Amino acid sequence: MVIYGVYIVSKSGGLIFNYDHNIPKIETEKTFSYPLDIKLQYENKKVVVEFGQRDGIHVGHMLYAINGIPVTGRQLDDGRDVFEVLDNKDNYPINIKFGRPKMTTNEKIFLASMFYPLFAIASQLSPEPKSSGIEVLEADTFKLHCFQTLTGVKMMVVAEPTQAGIDILLRRIYEIYADYALKNPFYSLEMPIRCELFDINLKTVLEQVEKSGISNV
Amino acid sequence: MSRASTRFDTKKVNSELVTLTYGSLVAQMVKDLENPEDVNKQLERLGYNMGIRLVEDFLAKTGTGRCLDLKDTADKIQSAFRMYLGVQPNVSNWSPAGDEFSFLLDSNPLTDLVELPDDLKSLRYCNIICGAVRGALEMVQLDVQSWIVQDQLKGDSNTEIRVKFIRKLEDAIPAGEE
């Protein structure tokens, strides 16, 4: 029973809410000697592993820290360049921390707005008239369930592929949205949801689902 | 659905609380705006803003689907009346084209304890309901007009709220929902 995250996209396609629920943190720390046997590359403002997967360090993981000093972009927090440090033989043995890259809020907003036209295209591609858009998007590591309300708001849940009954959860999230976001007089429609009551109730439901299954929601 | 209705029941409040709150709201507006016509307009706007939010609550709690004709819509608004005002209006006076109908309320919780003074005869006291109906239907892509035809406060035997279908807001329909 794992739910990875909840997203809500407004009628006009903007991400108005996202919540990462249960994404396991994967971090590996290891001491290396010269020369480094992992190929690193700088892309999308991250230093990522390009080749040479081993000991829990996977291709695609990003560099978090060197000798305990965090990395931002391609720079260490003390101002040195990551690649210069790694190329310098004098710095070895060196302790490097790798981990799964985290999505930034900007990337999430970007992806959410990408799903919007995808959803519209799906409904138009359909061989049958009056088709709905994408309801379930399946991949080998997750399933994205999408529920569009009659007013055009999309509720999305990313969950384990084996997870059944998400449609009930989606409806429950819709109820929470109607109750705690829309009835809050200081929430303006189409704007990001920053209502504490909404967060609390959503978390409660997700925890309930995790503990005792969807039928009790 | 039974589950949803039990949850709803737990939040029932005495209708007098609603009557009194609404009454003080209208009284304050009459004091502030002076012109009853302005009050009517403001009440309609207030109702509209309520409607566009309330419709989500209605959809989430009842799980109804999209309406395909106006009769269907009328039925659903009828059940919304029961849900939010605790009264069941009659749907009647259909126009021959089937694009207009009325809700007849023999009792209206908003006006339970109200008498209109003579100088406010042009005040449409329950205009908030018209606004709410319009706002709610606009969110489900139906453009309607709504107004009060008969008013118990003005000596009529019941309150009649007329709803007229203008058009379907085609371009506002979300993709995959047509």
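1. Two strands are taken as paired if DSSP finds at least two bridges between them. In this predicted model, strand 3 (residues 142-150) of chain B and strand 4 of chain B satisfy that condition, since they pair in the antiparallel sense over eight bridges. Within this pairing, Gln145(B) stands opposite Lys164(B) in strand 4 of chain B.

2. Strand 4 (residues 159-168) of chain B also pairs with strand 2 (residues 100-105) of chain B, again in the antiparallel sense, and here six bridges are found. As a landmark for a reader following this pair in the structure, Leu105(B) has Thr159(B) of strand 4 as its bridge partner.

3. Strand 2 of chain B is in turn joined to strand 1 of chain B by three bridges, and these two strands run antiparallel. One position to look for is Ser92(B), whose bridge partner in strand 2 of chain B is Ser102(B).

4. Taken together, the four strands of chain B form an open sheet in the order 1-2-4-3, with antiparallel pairing. Its edges are strand 1 (90-92) and strand 3 of chain B, each of which pairs on one side only. On average, and with direction ignored, neighbouring strands of this sheet are turned by 25 degrees against each other. As a general point, the strands of a sheet pair through backbone hydrogen bonds, in either a parallel or an antiparallel manner.

5. Two helices of chain B should be viewed together with the sheet. Helix 4 (residues 70-85) of chain B lies across strand 1, strand 2, strand 3 and strand 4 of chain B, and runs at about 20 degrees to strand 2 of chain B. Helix 5 (residues 127-139) of chain B packs on the sheet as well, touching strand 3 and strand 4 of chain B, and its direction makes about 165 degrees with that of strand 3 of chain B.

6. Turning to chain A, helix 3 (residues 166-181) and helix 4 (residues 196-212) of that chain pack at an angle of about 160 degrees, with their axes 9 Å apart. Because angles over 145 degrees count as roughly antiparallel, helix 3 of chain A is roughly antiparallel to helix 4 of chain A. The crossing of these two helices of chain A is right-handed.

7. The residues that meet between these helices include Leu169(A), Ile173(A), Ile176(A) and Tyr180(A) from helix 3 of chain A, and Phe198(A), Leu202(A), Val205(A) and Val209(A) from helix 4 of chain A. By class, the contact of helix 3 with helix 4 of chain A has 12 nonpolar, one polar and one charged residues.

Methods. Residues are numbered from 1 along each chain as its sequence is written. Chains are lettered from A and ligands numbered from 1 in the order in which they are written. This is a predicted model: local features need pLDDT of at least 70, side-chain atom pairs count only at pLDDT 80 or more; totals for chains, interfaces and linings use all residues. Side-chain values use heavy atoms; hydrogens and water are left out. Axes are lines fitted to C-alpha atoms, for helices over the stretch in contact, and angles run from 0 to 180 degrees between N-to-C directions. Angles under 35 degrees count as roughly parallel, over 145 as roughly antiparallel, 65 to 115 as roughly perpendicular and the rest as oblique. A crossing is left-handed if the near helix is turned anticlockwise from the far one by less than a right angle, and right-handed if clockwise. Contact means heavy atoms within 4.5 Å. Ala, Val, Leu, Ile, Met, Phe, Trp, Tyr, Cys and Pro count as nonpolar, Asp, Glu, Lys and Arg as charged, and the others, Gly among them, as polar.
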